[in-house]
Amino acid sequence: MSMGVAGLMLIGGYSSALFVKYCGLSFWTALPTSGLLVAFIAFGLGYPFFRLKGMYFAILTMLMGESVRMTSFYWTALTGGSAGLTGIPAPNPITIPGMITITFDSKFNYYYLMLVIVLVSLLIFYRLERSRLGSTIQTIKENDILAQSIGINVTLSKIIAFAVSSFFVAIAGALFGFYQQSLSSDAQSKFGIDTSVNVLIYTIVGGQTKFMGPIIGAFILTVIPEFGRGLREYSPILIGAVFIIVVLFLPKGIVGGFEDLLRWSSKAAAKFKARQFQ
Amino acid sequence: MMNKVILRPERMSVAGITCSLVATSTWKHQNLQQGGYLMLESVTSHAIGQGLITGFALGWIYILASLGLALVFGIMHIVHLAHGQVYMLGGYVVLYLTTLIGMHFFPALLISMVVMGAFGLFLERVFFRPVVGNIMSGMCVAIGLFLILEAVAAVSFGVSDMRISGLASGSFKILDWALPKDRSVAVGVGMILLLLFYILIKRSKYGQAMVATAQNREGIMLQGVNPNRMSQLVMFIGSAFAAAAGALAGAIFLLNPYIGGPALMNAIIVVVLAGLGSVLGIVISGLMVGFANAILPIIFGAGVGAVAPFVLIMLILIFKPLGLFGHE
């Protein structure tokens with residue numbers, strides 16, 4: 001349970017923006033480069049971090065996220081400090097020779113770019129979950145001592161999983177930066193602790209153990225507040241209430257709860273049928 | 001001659017201040033940067049003294065705020081992440097009692113402590129009792145409460161900065177030092193509350209039962225103590241102390257619906273630094289964190305001052321997770 005997602009997202013966002021602005025890289029190379037950078041950082045942080053478990057890990061990652069944010073907030077020379085980093089160019093257009101040129105200056109086109117990248121990432125995650133790494137992680141989640149006893153290197157697997165997920169976290173931060181075309185790292189920005197907390201909430205509300213869980217959770221909890229746009233300041237109340245209800249009454253999240261409901265109803269239907277035959 | 005003074009910042013006493021004043025007035029046009037440097041240095045020597053006093057008061061506020069966090073974790077095994085919001089609401093109760101009814105600060109503080117203590121009982125019964133012992137669920141419920149309480153406060157109290165008046169104004173003159181009265185009174189309040197808490201722990205049956213519950217929640221049932229009663233006791237005391245801390249912070253610094261988050265961060269830092277199971281450890285590390293927060297920004301600038309405590313605590317968590325004074 002990591003609460004430092006925003007810190008890694010921040011490194012991804014700022015590094016890709018700086019690569020494009022000062023190193024002259026194009027958007028298409030900066031995006032994976034910043035992802036790899038953050039994955040390496042996560043790999044390095046992984047060993048000391050995974051000495052801790054549970055609550056201590058959560059507190060440690062929360063402190064990490066906040067200290068990254070404050071470092072960037074006060075490192076004015078590199079990041080623009082409280083004024084923020086502005087003038088991030090839009091992604092370079094794609095030209096398919098002989099056909100069309102797609103530009104990403106408008107938010108509309110950019111939306112489809114993000115959609116494609118998100119779908120590709122989801123596909124990669126789907127494959128990963130069914131790979132050897134995925135089943136290793138599943139084993140560790142169920143019983144880490146048992147996993148160790150059958151020869152799984154628990155810490156290394158955890159670190160690799162952390163690095164891989166950090167890659168995608170960095171991509172998310174970079175996409176956010178190019179969407180906004182400016183970045184800021186004060187406490188109320190997208191890189192504040194709220195984002196880390198929200199990501200955690202989406203995951204748990206949707207259901208931690210299921211592939212669809214975080215997707216459903218993020219979808220529900222970001223779309224519902226959009227219907228009451230005038231009541232924006234009330235939306236944390238709704239999100240918090242949903243979160244508490246799910247934690248108290250649906251420990252497997254919405255997806256897990258839904259599956260349980262389906263299983264229960266099919267069982268009940270079978271019972272009903274059996275009774276009718278008698 | 002001026003350059004010599006610049007090169008020896010350790011001589012920044014009264015002579016240094018006068019030198020810098022002369023420097024800024026005469027050299028203003030030729031060398032603005034140098035004048036600015038001198039002014040900064042002379043302010044620093046004075047500001048460190050003020051920073052020490054502020055840090056002492058801040059330390060006592062952190063001690064009060066983090067006691068509740070440590071107690072709730074020790075007895076109920078819940079990381080009470082909404083503790084900062086209780087602190088903030090306690091400040092607002094005092095603010096409204098003093099401005100709307102025109103009450104004096106200290107009766108308002110007492111009422112606020114009782115009100116927030118009762119609020120703590122409510123939180124314990126409704127939200128925390130179902131998840132006692134399950135650390136992760138407890139943390140999640142507390143995060144939900146964090147969001148709800150902060151948004152409720154922002155909606156109902158507005159987001160502008162407020163200040164509670166009526167703690168004390170002016171300053172004591174001790175030798176050359178001006179000792180601000182509000183900060184000294186805050187330290188006094190903190191000390192009195194801590195003393196009362198210490199007497200409760202050491203001298204009363206309830207306190208002994210509380211310590212025993214922290215050691216073994218199942219074993220205490222055999223002795224005829226209801227552990228839920230103990231949970232109620234720590235939630236009451238913890239929330240009341242948080243309310244007192246919030247009111248003092250609101251009177252000395254400022255009050256807005258978002259002060260809960262940073263206060264929680266600092267309380268977590270204090271508890272991690274101290275480790276669990278030691279009141280004295282919390283006092284010492286609270287004062288350390290208070291001084292660090294007040295002095296580091298003055299000496300090294302705001303950036304280092306903000307980041308250094310976090311990095312230090314991360315290192316302590318990694319290499320000495322039990323804290324400086326903690327035991328199993």
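A salt bridge here is a side-chain nitrogen of Lys or Arg within 4 Å of a carboxyl oxygen of Asp or Glu. By that rule, the count between chain A and chain B is zero. What we're looking at is a predicted model, where local features need pLDDT of at least 70 and side-chain atom pairs count only at pLDDT 80 or more, while totals for chains, interfaces and linings use all residues. Residues are numbered from 1 along each chain as its sequence is written, chains are lettered from A in the order in which they are written, and side-chain values use heavy atoms, leaving out hydrogens and water.

So what does the interface offer? Polar contacts are missing too: the rule (a pair of N or O atoms within 3.5 Å, one able to donate a hydrogen and the other to accept it; neighbours in sequence count only if both atoms are side-chain atoms) finds zero residue pairs across it, with both at pLDDT 80 or more. On the chain A side, the elements giving two or more residues are α2 (27–49), α3 (54–74), α9 (193–206) and α11 (235–249), helices being DSSP runs of H or I, at least four residues long, numbered from the N terminus. The largest share, 14 residues, comes from α3(A). By class, this side has 29 nonpolar, four polar and three charged residues; Ala, Val, Leu, Ile, Met, Phe, Trp, Tyr, Cys and Pro count as nonpolar, Asp, Glu, Lys and Arg as charged, and the others, Gly among them, as polar.

Now for the area. Chain A and chain B bury about 3,100 Å² between them, 89% of it on carbon and sulfur atoms; buried area is the accessible area (1.4 Å probe) that two parts lose on being put together, summed over both. A:M55, A:L63 and A:I244 supply 19% of what chain A buries against chain B, more than any other three residues.

Salt bridges do turn up elsewhere: the whole structure has six over all chains. In α3 of chain A, the side chains of A:R69 and A:E66 meet in one, at 3.2 Å, N to O. Being three residues apart in that helix, A:R69 and A:E66 are separated by about one helical turn.
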